[in-house]
Number of protein chains: 2
Amino acid sequence: MSRGVVGIGGGIGASRFWRALLRVLDPAELTIVVNTGDDLWLHGLRICPDLDTTLYALSGRQDVERGWGLADESFRCMAALRRLGRDVWFHLGDLDLATHLLRTGLLREGARLSEVTERLAAAMGVEAGVVPMTDDEVTTLVETTDGATLHYEEFLVRHQATPEVARVVHSGADRARPAPGVVTAITEADLVLLAPSNPVASIGPVLAVPGIREALLATDAPVVAVSPIVSRVPITDPGERLRATSRAALLASLGLPPTATAVAAYYGRLCRRFVLDAADSMEGDAVRALGPGVDVVPTLLAGRPPDDVLARTVLAARAAGRA
Amino acid sequence: MSRGVVGIGGGIGASRFWRALLRVLDPAELTIVVNTGDDLWLHGLRICPDLDTTLYALSGRQDVERGWGLADESFRCMAALRRLGRDVWFHLGDLDLATHLLRTGLLREGARLSEVTERLAAAMGVEAGVVPMTDDEVTTLVETTDGATLHYEEFLVRHQATPEVARVVHSGADRARPAPGVVTAITEADLVLLAPSNPVASIGPVLAVPGIREALLATDAPVVAVSPIVSRVPITDPGERLRATSRAALLASLGLPPTATAVAAYYGRLCRRFVLDAADSMEGDAVRALGPGVDVVPTLLAGRPPDDVLARTVLAARAAGRA
């Protein structure tokens, strides 16, 4: 991986950000390290929600309206599975299934997830680098206050993020190694971006892989986080609302409120600059007090015509150079 | 399993026979023991071609025109998989995939194949008993004279049964145990039928599971085989022709010609009666010389209006009673 910009993120929120970024950045300069803590085995298939959302978004195959999955998708297989009496809570489209079949087949043949991802990216014509945080299996588990342990996707999709969360565990993270090239990419980058993703569920697992947090602390590159939270704007989109509920529930399990300042506190000394949405500008001083410099720009990318302000703002940190 | 009729067979040829049989036989009286030697892992999924063909045919879900798979099927997933650069040689329909997802999911959760099959049969409303020959993995491998080893489905579908066959191996059969109830069903049956299936590829694997051949030799029930070969009628259907090519290639590897008499010789003293197609009536004496009694009736079930002659003929052996 050549020197350039490294992005770290999850699925939907991050992908909107990468797309905005790639309007002003050469894809050859961007390497995205993707959360795999949401990955799950389902029906014998390995599903990687965040990797797939990233690949679909970057290849222009995404269903922009729905916000996840592929355009021109159908769900005949899932309907048939339900008719066979199976409890279907995670919806895999007929076209989307091809990604999971290819991935699972290659994994069973002995390929590493990073190799599979590279192959998928090439097949889809994705020019930016897309790398899983690790080739090892890490699973984000949500322990609820009533004693249940749920896979994060189960918590989010099946239970609509309603159970009260006692604790979030990134199972397997302690034994995981960063995927090949990840640490070098961070160390040699001249800008690292933490996407506007769920900090606990999407960025947290990446930071939990031994070596990645250390690389972020060691790199000379500025690390810039974009707030995933805009506290003072009502959310109307149901998917967006669900993700906001989940963010709040997971932050609450850490004793943190669902605010941009809390996200900055969660990242702590990892991040040098923090981008606040204009609506939350009054939190600027609170964030600055935690350490990072603050930029205030419109960050809400959902449903609005793309504008370049956010992308140019984060890239300005690159121009400002290494420490 | 209650006393009744036990059928042993593979996929397409057998299923046509079961359907004809069930026009005159109460499904509660029929237990079908199905070949699993064709089963394969593909894209991480466990595919059981003969079990599925049996279930689809008996539940009325089959695409009768095409002869395999489900009616109203689509192939969007396979088309997407091909666009991702995967070599697709075994076609899994979008609806058919639901069967494989359910099966693979349940197997991964620890269920046995016989349990999964029972659940699928119930979900599809299949009233006859459908049992895999074994819950263990047995794989029919074709060794070609030029040194390749092919899975039987690869030999059949990918290579269109053209390579010269040196040897057929039922890998894993020596360590396999009959699925629960299979031996008892055969022992306590009052009629056992060997379907008009490929003798080497579809009946052979069942006979290779230790205990099943012994049960067939030990049972008091008459064992009646229906010839899968009608030598003197030209085959026009491409699928039928492919299966005939395969039958001939596998029989040739045993030094046998592609004739009904050769099939009777292959079964040897296992079968008490042998049903010849009317077109092959001149082979009657040759078959009788090998031991079994002979019935001569029209056996070709493809593409003709169902008639009850074949079914009534084989069931007559049941009426004739145990030895």
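**Notebook: helix packing, the A–B interface and salt bridges**

Entry 1. I looked up how helix α1 (residues 12-21) of chain A lies against helix α13 (residues 309-319) of chain A, and found that their axes come within 8 Å and cross at roughly 80 degrees. Angles of 65 to 115 degrees count as roughly perpendicular, so I recorded α1(A) as roughly perpendicular to α13(A). I note here that the model is a predicted one.

I then listed the residues that meet at this crossing. From α1(A) they are Phe17(A), Ala20(A) and Leu21(A), and from α13(A) they are Leu310(A), Ala311(A), Val314(A) and Leu315(A). I sorted these residues by class and obtained seven nonpolar, no polar and no charged.

Entry 2. I turned to the interface of chain A and chain B. I found 31 residues of chain A in contact with 31 residues of chain B. The two chains bury about 2600 Å² between them, and 62% of that area is on carbon and sulfur atoms.

Next I examined the polar side of this interface. I counted four salt bridges between chain A and chain B. In one salt bridge, the side chains of Glu109(A) and Arg86(B) meet at 2.7 Å, N to O. With both residues at pLDDT 80 or more, I found six residue pairs in polar contact across the interface.

I asked which helices of chain A supply at least two residues each of the side that touches chain B. They are α3 (76-83), α4 (94-108) and α5 (113-124). The largest share of that side, eleven residues, comes from α4(A). By class, I recorded 15 nonpolar, seven polar and nine charged residues on the side of chain A that touches chain B.

Entry 3. I extended the salt-bridge search to all chains and obtained a count of 40. I singled out the salt bridge of Glu137(B) with Arg46(B), whose closest N and O atoms are 4.0 Å apart. This pair links distant parts of the chain, the two residues being 91 residues apart. I placed Glu137(B) in the loop between β5 (129-132) and β6 (139-144) of chain B, and Arg46(B) in strand β4 (residues 45-47) of chain B.

Methods. Residues numbered from 1 in each chain as written. Chains lettered and ligands numbered in written order. Predicted model: local features only at pLDDT ≥ 70, side-chain atom pairs only at ≥ 80, totals over all residues. Heavy atoms only, no water. Axes fitted to C-alpha atoms, helices over the stretch in contact; angles between N-to-C directions. Helix = DSSP H or I, 4+ residues; strand = E, 2+ residues; numbered from the N terminus. Parallel < 35°, antiparallel > 145°, perpendicular 65-115°, else oblique. Contact = heavy atoms within 4.5 Å. Nonpolar A, V, L, I, M, F, W, Y, C, P; charged D, E, K, R; others polar. Buried area = accessible area lost by both parts, 1.4 Å probe. Polar contact = N/O pair within 3.5 Å; in protein donor to acceptor, adjacent residues only side chain to side chain.
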